[in-house]
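The following paragraphs lead through a structure, from its interior to its surface. Please keep the sequence and the model in view while reading.

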Amino acid sequence: MATALGFFASSLIDEFGISRGQFGLLVTASIIFGALVSPSWGRFADRFGGRWTLAAVFAMAAAGFVAMAVAPVFALLFVGAVITSFSMAASNPATNKLITRHVAAGRRGTVTGIKQSGVQAASFLSGLAIPLGARTIGWRMSMLVIAAMIFVFVPLSLRLLPGDAPDERVVAADAKEPLPGSVRWLTGYGFLVGFA
């Protein structure tokens, strides 16, 4: 979502009369907010399964783009960007949960790699389509088209993906056991990768 926002930068700066710094704050705040709520989405995925979490990802992303598309002022654009940050926070917990539940142990690395490559593929397609859309039908209509395309995946997720009932042992352990030290190392690693 942050990548898509970047392609709208010049349109949003012109429309709302904001500085480049304010636009950067919009993207940065949504990413920071997404990072803060990501652990709670991991718990959500444990409790409700990957299918429902992924459907929520698509619903929140679509809602965020609709909110930004109709925003009359920068503050409401900011709210829309924060809504999309929920979907960024929930996407990895949702897809990782689906992979661990439904992919054999020997193939999980391959499937995870393919899944992660979707981020780059989406960025590539966004880079081609969004500037063209913003120039031809306007940035607001482009965001509405993006929202409609994303929303289609809500019912598809619920219909096509396998269900995964919550594991009661995981739900019970969630509130009682501290996270292992390896999680701190992975968090630091993820921060460095994101920073780079």
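Two residues are said to be in contact when they have heavy atoms within 4.5 Å. The model under discussion is a predicted one.

A convenient starting point is Thr53, a residue of helix H4, which spans residues 50-70. Thr53 counts as buried because its relative accessibility is 0%, and the limit for that class is under 20% relative accessible area. Once neighbours within four places in sequence are set aside, the contacts of Thr53 are Trp41, Phe44, Ala45, Ala90 and Ala94. Arg43 stands 10 residues from Thr53 in sequence, and their C-alpha atoms are 10 Å apart in space.

One of these contacts, Ala94, can be followed further. Ala94 belongs to helix H5 and is likewise buried, because its relative accessibility is 0%. Beyond its neighbours within four places in sequence, Ala94 is in contact with Gly50, Thr53, Leu54 and Val57. Ala55 lies 39 residues from Ala94 along the chain, yet 8.8 Å separates their C-alpha atoms.

The view can now be widened to the nonpolar interior. The largest nonpolar core comprises 27 residues, and Leu12, Leu77 and Met143 have the most contacts inside it. Two or more residues of this core come from each of helix H1 (2-7), helix H2 (9-16), helix H3 (20-48), H4, helix H5 (74-102), helix H6 (108-136) and H7. Another core lies apart from it, with 10 residues that include Leu54, Met60, Ala90 and Ala94. Ala90 and Ala94 were met above as contacts of Thr53.

Which residues does Leu77 touch, not counting those up to four places away in sequence? They are Leu12, Phe16, Leu26, Met68, Ala71 and Trp139. Leu12 is itself named with Leu77 among the residues that have the most contacts inside the largest core.

The surface remains to be considered. Here Val66, Val70, Ile137, Met141, Leu144, Val145 and Met149 form a nonpolar patch, and their accessible area together is about 600 Å². H4 and helix H7 (139-151) each contribute at least two residues to the patch; H7 gives the most, with 4 residues. Both helices also give two or more residues to the largest core.

Leu144 serves as an example from the patch. Leu144 lies in helix H7 and has a relative accessible area of 32%, so it is classed as partly exposed. That class covers values between the buried limit, under 20%, and the exposed limit, over 50%.

Methods. Residues are numbered from 1 along each chain as its sequence is written. This is a predicted model: local features need pLDDT of at least 70, side-chain atom pairs count only at pLDDT 80 or more; totals for chains, interfaces and linings use all residues. Side-chain values use heavy atoms; hydrogens and water are left out. Buried means under 20% relative accessible area, exposed over 50%, partly exposed in between (1.4 Å probe, protein chains only). Patches are made of residues with over 30% relative accessible area and no salt bridge: like charges are joined within 9 Å, nonpolar side chains (Val, Leu, Ile, Met, Phe, Trp, Tyr) within 5 Å. Accessible areas come from the Shrake-Rupley method with a 1.4 Å probe; for residues, only the protein chains shown count as cover. A salt bridge is a side-chain nitrogen of Lys or Arg within 4 Å of a carboxyl oxygen of Asp or Glu. A nonpolar core is a set of buried Ala, Val, Leu, Ile, Met, Phe, Trp, Tyr and Cys residues joined through side-chain atoms within 4.5 Å.
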